[in-house]
Amino acid sequence: MTGLSQELLSTFDSLTESEKLEIALEILKRVIHLDFPPLSDEDLVWNAEELFLELDKQESDYE
């Protein structure tokens, strides 16, 4: 990821929740027309694993 991309994400993280939602909506509107290649089974499994690990971490933070 480029330095500019990292900076963009850092700025996004510092926004209020309502600003984040507004920005996310605008980004989704713009990327809907991009031609993404299909995800492989490996990509899907990796993404699912990352999501479950994050959910486990969040659950342990609440306990």
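The following exercises, each with a worked solution, concern a predicted model of a protein chain.

**Exercise 1. Overall architecture**

Determine how many helices and strands the chain contains, and state in what order its elements run.

*Solution.*
Step 1. The chain holds three helices and zero strands.
Step 2. Read from the N terminus, the order of elements is α-α-α.
Step 3. Helix H1 covers residues 3–13, helix H2 covers residues 17–31, and helix H3 covers residues 41–62.

**Exercise 2. Dimensions and burial**

Compare the radius of gyration of the chain with that of a compact globule of 63 residues, and state what share of the residues is buried.

*Solution.*
Step 1. The chain has a radius of gyration of 15 Å, whereas a compact globule of 63 residues would have one near 11 Å.
Step 2. The C-alpha trace extends over about 35 × 35 × 25 Å along its principal axes.
Step 3. A residue is buried when its relative accessible area is under 20%. Of the 63 residues, 2% are buried.
Step 4. The accessible surface amounts to about 6,300 Å², and carbon and sulfur atoms contribute 61% of it.

**Exercise 3. Charge distribution**

State how many positive and negative charges the chain carries, and how far apart their mean positions lie.

*Solution.*
Step 1. The chain carries 4 positive and 17 negative charges.
Step 2. The mean position of the positive charges is 11 Å from that of the negative charges.

**Exercise 4. Salt bridges in helix H2**

Establish which residues Glu26 joins in a salt-bridge network, and describe how the partners are placed in the helix and at the surface.

*Solution.*
Step 1. Four salt bridges are found in the whole structure. One of them pairs the side chains of Lys29 and Glu26, with an N to O distance of 3.4 Å.
Step 2. Lys29 and Glu26 are separated by about one helical turn because they stand three residues apart in helix H2.
Step 3. Glu26 also forms a salt bridge with Arg30, where the closest N and O atoms are 4.0 Å apart. Arg30 and Glu26 are four residues apart in helix H2, again about one turn.
Step 4. As the relative accessible area of Lys29 is 48%, this residue is partly exposed. Glu26 is likewise partly exposed, at 33%. Arg30 has a relative accessibility of 63% and therefore counts as exposed, the cut-off for that class being over 50%.

**Exercise 5. A salt bridge in helix H3**

Identify the salt-bridge partner of Lys57, and classify both residues by accessibility.

*Solution.*
Step 1. The side chain of Lys57 meets that of Asp61 in a salt bridge, with 3.4 Å from N to O.
Step 2. The two residues are four residues apart in helix H3, so about one helical turn separates Lys57 and Asp61.
Step 3. Lys57, at 46% relative accessibility, is partly exposed, whereas Asp61, at 53%, is exposed.
Step 4. To complete the answer to Exercise 4, salt bridges with shared partners link Glu26, Lys29 and Arg30 into one network.

**Exercise 6. Phe12 and its contacts**

Locate Phe12, and find which residues it touches when those up to four places away in sequence are not counted.

*Solution.*
Step 1. Phe12 belongs to helix H1. Its relative accessibility is 25%, and it therefore counts as partly exposed.
Step 2. With residues up to four places away in sequence left out, Phe12 touches Lys20, Ile23 and Ala24.
Step 3. Ala24 sits in helix H2 and is partly exposed, with a relative accessible area of 28%.
Step 4. Ala24 and Phe12 are 12 residues apart in sequence, and their C-alpha atoms are 9.3 Å apart.

**Exercise 7. Separations along the chain and in space**

Give the C-alpha separation of Glu7 and Leu51 and that of Phe12 and Glu63, and decide whether Glu7 is buried or exposed.

*Solution.*
Step 1. Glu7 lies in helix H1. Its relative accessibility is 51%, so Glu7 counts as exposed.
Step 2. Glu7 and Leu51 are 44 residues apart along the chain, and 23 Å separates their C-alpha atoms.
Step 3. Phe12 and Glu63 are 51 residues apart along the chain, with a C-alpha separation of 28 Å.

Conventions. Residues numbered from 1 in each chain as written. Predicted model: local features only at pLDDT ≥ 70, side-chain atom pairs only at ≥ 80, totals over all residues. Heavy atoms only, no water. Buried < 20%, exposed > 50% of the residue type's maximum accessible area, 1.4 Å probe, protein only. Rg over C-alpha atoms; globule rule 2.2 N^0.38 Å. Areas by Shrake-Rupley, 256 points an atom, 1.4 Å probe, with all protein chains shown as cover. Lys, Arg positive; Asp, Glu negative; His and termini not counted. Charge placed at Lys NZ, Arg CZ, Asp CG, Glu CD. Contact = heavy atoms within 4.5 Å.
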